[in-house]
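Please look through the model below before reading on. My notes on its charged and aromatic side chains follow.

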Amino acid sequence: MPVVRLGRWAVVTAALASVAVPVCAAGRHAGRPTGATPPVLFVSPVGHQSRGLAERSYAPLSMFAAPTVGLLSDTNAVEGVPPSVARGARYVEGSNVLRLASGRWMYLPAGGKASAVVAPDHPPAWQQIARSRAWLASGSIPGRSPARRAAAERALLTMRSLLRPNGAMAAAWSPGWKYSWPRDSSFASAAFAHTGHDAEAYRILRYSAATQRKDGTWEARTKLDGSGPPDGRRWQLDANGWVPWATWHWYRTAPRATRHARLIALYPMIRKAADHAAASLRADGLPPASPDYWELMTATTNIGTAAPLLAGLNASADLAREAGRPDDAARWARAARRLSSGISARFVPLGYQRTVDGRHGLDSAVAFMAPPFNTAPAGLSGALDASYRALLLPNGGLTPGNDPTAPWGRNAWTPSTALFALAWATTGRPAKAGQVLDWVLSKRNPLGELPEKVDKEGRPASVAPLAWTGSIAVLSLVALDGTGLPTPPLRP
């Protein structure tokens, strides 16, 4: 989801401010030391009408830091699980049915608008579990150990829950994240594709085609109904790379009997995206400055935009060949070569720093130069190592970058960390990849969901689950299984 959603926090703060949290009138609870943080009365959010559960409970104020920690879903509707409900609970294996601490089950009935708490073995809940397990069995679950397979299973179920029937992919199910970003969606599409879930992968791409702007670009994010952006946030050029890249990965895994016809349906989207990307390149072969995956503008070109555009142009050229469009293929291949030369001339001497002016430090986006995005250029291995060392925090995870102007603090970001696992898994360093990925997977919350961040004490922080981290983890596990992940070719 992104890595950084700076704009989201204002939304989250406003949402929390609207929740009634009256403190005990006496000023402090008996037995609580003077000066300790007072508990507050947790009131279920408006619309949470779960039956059979207490609607109110006292909880520490810190519980409001992560608006959701899990998901209930019947694949059509979704309900976030708040921390107060999740305490002592676990998912029934292979499902989004929650086994509460009491032993009762909590689930979102098919066609329902609110969750229900039922006795164990409730037939409709079992039917939902059976459908969920059948969906998992229809594809593959990567991971060579039980722990890794369990993490992959939960990530796949989470992505399925966050995927809306119209193809919109919610980044997470919390205020400020409940939108569809082209970047997050593209990673989810690729992860679905490489685990045998063709319908879900293609549905995301169809949504991308439906929400593409007339000039071939995309908004930074859209409302889940596809009606447009929720605010005036500046659009981001990297989507013109990510969407064709995801389409290429879908095509490589799609059933051969139907993939060509479905590619032709998507081809107008590819043409507009690739033509805009190619036209954006300047005389030095690089694109203009644009907000990168941090969702922050830079004064000069950043690697977080240039690398995805290279992947997208190579993917578009290859898709054009498959679609029988040789002129398009040649045009976009030329643009990709120009961009590749520009990256070599301007970013390589800086060790793939965030920007070409060398003023913004190293960046986890260096991983975008590795497979399955781009064929790893000479010297990338050293740049990955140097960037990883520079971004490593005492808690074992990575900060997105060490730009002195970006106040990241001591929180590690799971997408940035997982990207290095993916890069090393696809460049012949499985031991290093496994070490990093296992750190990410070890930070799942008690429900097994991957959080956006890990605080300085090593605890899950911010929202959970996050679709982008789950997608990267699934792709990393596919690569570590030895089946490999293909990369769009840079043609000479």
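The points below deal with a buried arginine, the aromatic pairs and the charges over rings.

1. Status. This is a predicted model. Please read every distance and angle here as computed from that prediction.

2. Where R164 sits. R164 lies in a loop. Helix 4 (146-162) comes before that loop, and helix 5 (182-194) follows. Leaving aside residues up to four places away in sequence, R164 touches T75, N76, A77, V78, W173, R203 and L224.

3. The charge on R164. Which side chain of opposite charge is nearest to R164? D74 is, at 6.4 Å. A salt bridge needs a nitrogen-to-oxygen distance within 4 Å, so D74 does not provide one. R164 is nevertheless buried. Its side chain does reach a backbone oxygen, that of S161, at 2.5 Å. Please check that contact in the viewer.

4. Aromatic pairs. How many aromatic pairs does a search of the whole structure find? The count is 21. Take W105 and W126: the ring centres are 5.4 Å apart and the planes stand at 65°, so this pair is edge-to-face. W105 belongs to strand 7 (residues 105-107) and W126 to helix 3 (residues 123-137), so the pair ties together parts 21 residues apart in sequence. The two partners differ in exposure. W105 is buried, with a relative accessible area of 3%. W126 is partly exposed, at 32%.

5. A second pair. Y179 and W181 have ring centres 6.4 Å apart. Their planes are at 70°, so this pair too is edge-to-face. Is W181 buried or exposed? W181 counts as buried, because its relative accessibility is 0% and the limit is under 20%.

6. The setting of Y179. Y179 is found in the loop between helix 4 and helix 5, and R164 lies in the loop between those helices as well. Y179 and R221 are 42 residues apart in sequence, yet 6.3 Å apart in space, C-alpha to C-alpha. R221 is also among the residues that Y179 touches, not counting those up to four places away in sequence. The others are M169, A170, A171, T222, K223, L224 and P230. L224 appears in the contact list of R164 too.

7. A cluster. Which residues form one aromatic cluster? They are F187, W242, W245, Y293, W294, F368, F373 and W468.

8. Charges over rings. The charged end of R154 sits over the ring of Y91, 3.7 Å from its centre. R325 lies over the face of Y267, at 5.0 Å from the ring centre.

Definitions and conventions:
Residues are numbered from 1 along each chain as its sequence is written. This is a predicted model: local features need pLDDT of at least 70, side-chain atom pairs count only at pLDDT 80 or more; totals for chains, interfaces and linings use all residues. Side-chain values use heavy atoms; hydrogens and water are left out. Helices (H or I, at least four residues) and strands (E, at least two) are DSSP runs, numbered from the N terminus. Buried means under 20% relative accessible area, exposed over 50%, partly exposed in between (1.4 Å probe, protein chains only). Lys and Arg count as positive and Asp and Glu as negative; His and the chain ends are not counted. A polar contact is a pair of N or O atoms within 3.5 Å; within protein, one must be able to donate a hydrogen and the other to accept it, and residues adjacent in sequence count only if both atoms are side-chain atoms. Contact means heavy atoms within 4.5 Å. Rings of Phe, Tyr and Trp (its six-membered ring) pair if their centres lie within 6.5 Å; planes under 30 degrees apart count as stacked, over 60 as edge-to-face and the rest as tilted. A charge sits over a ring if NZ of Lys or CZ of Arg is within 6 Å of the ring centre and within 35 degrees of the ring normal.
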